[in-house]
Amino acid sequence: MAAGRRRVPLAAAGTAVLAIRNATGYLNQIVNQLNHMCEESLYLTDMNNSIKLGAQHAIPDHGTGVEGEGVEVALQDDTFRYPGAERDALHKVSLTIPKGKVVALVGENGSGKTTLASLIAGLYLPTTGTVSYNGVDVREANRESVFDRIALLPQDVDCWPMTVRANVYIGDPDRPLNQEKIEAAAERADIRTVVEEIPHRWDSIAAKDFERGVRLSGGQWQRIGVSRAIYRERDLLIVDEPTAALDPKAEIEMFESLRSFTDDGVTTVLLITHRLAATANADVIYVLHQGRLLESGSHAELTSLTGGHYRELYELQAAQYGHATVPSSRKGEPADA
């Protein structure tokens, strides 16, 4: 049986080819959009689960207010494990953050310093154990009364594409903007002169791509973050590696400034750092290792412990500068070699 033959006009054939190509392109777009929707739905599911999980582990909206001047934070047998983790990030940690003092948390990476600071700040609730603020247990406290006591200066400062003024004011946006307080905070953080020398001063946009925009260095952003925390004026200032982007001279000035916050006998500074030279003037040092509290005491007390973990870490850092022995204590008496 012979098959019939039909000739297709060239215009019709060309139209058919274009139609097939367009249809294929549209089909690919539909498939890609469906894939994108599936991926986004996974993110949305994770976000909803995070919101539900966060609500379960958050400080209550309504509870007992934290009263009194200053704030003393006490942890008793605190254990914390991240959801899905196989081991504790912190295990049975008990310590006190006294008011009006400089307290340092030290230890290697992964020792639990930032997790412990998050517990102290009320960002996490302990898996077991208690955290109390002036005697009020965190699970029975009023969330706002806890957060109103705390200012947090993280290692990575949020760099908002707003005016320099707004980047300081955002530290306490619930109160009316006070330019004098903003300038005073900037002065204390040693950034006011820099701001007042740029063309639009406090109205400059802290992003180069905008009109009136300026580009701030990492060290300048870190000082903006300090200004933000100072402007907040809270009883407990938690600072996580505050000098990572600063030169040695600026680093010394920064630690001296942080120390001066406690001169009123009320404000507490909680310092998280790897640079143990910065802890020499801390009133209390807590040494963490693998989620456990190993040692506590002053710099002089800890460096006098033969075989102590803090002393080992300190000597390792000192050796990088050619110091073979532990420097003298604050009282001027040589520590044990």
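**Strand 7 and helix 2 in a predicted model**

User: Which residues of strand 7 point one way, and which the other?

Analyst: L236, I238 and D240 point one way from strand 7. L237 and V239 point the other way. All of these are buried in this predicted model.

User: What makes a residue of strand 7 count as buried?

Analyst: The cut-off is under 20% relative accessible area. In strand 7 (residues 236-240), 5 of 5 residues are buried. Therefore each of them falls under that cut-off.

User: How do you know that strand 7 pairs with strand 6 and strand 8?

Analyst: Pairing needs at least two bridges. Strand 6 (residues 150-153) and strand 7 share 4 bridges and run parallel. Strand 7 and strand 8 (residues 268-272) share 5, also in the parallel sense. Both counts meet the cut-off, so both are pairs.

User: Which residues stand opposite I238 and L236?

Analyst: L152 stands opposite I238. T268 in strand 8 stands opposite L236.

User: Why is helix 2 called largely enclosed?

Analyst: Helix 2 covers residues 113-121, and 8 of its 9 residues are buried, so the rest of the structure largely encloses it. Among the buried ones are K113, L116 and I120. Just after the helix, G122 takes a positive phi of about 85°.

User: Where does pLDDT stay under 50?

Analyst: Over residues 327-337. The model has 16 contacts beyond four places in sequence for this stretch. Where pLDDT is low, predicted coordinates should not be read in detail.

User: What is the average pLDDT of the protein chain?

Analyst: The average is 82, and 91% of the residues score at least 70. Among the elements, strand 1 has the highest mean, 94, and helix 8 the lowest, 72.

Definitions and conventions. Residues are numbered from 1 along each chain as its sequence is written. This is a predicted model: local features need pLDDT of at least 70, side-chain atom pairs count only at pLDDT 80 or more; totals for chains, interfaces and linings use all residues. Side-chain values use heavy atoms; hydrogens and water are left out. pLDDT is the predictor's confidence in each residue, from 0 to 100. Helices (H or I, at least four residues) and strands (E, at least two) are DSSP runs, numbered from the N terminus. Contact means heavy atoms within 4.5 Å. Buried means under 20% relative accessible area, exposed over 50%, partly exposed in between (1.4 Å probe, protein chains only).
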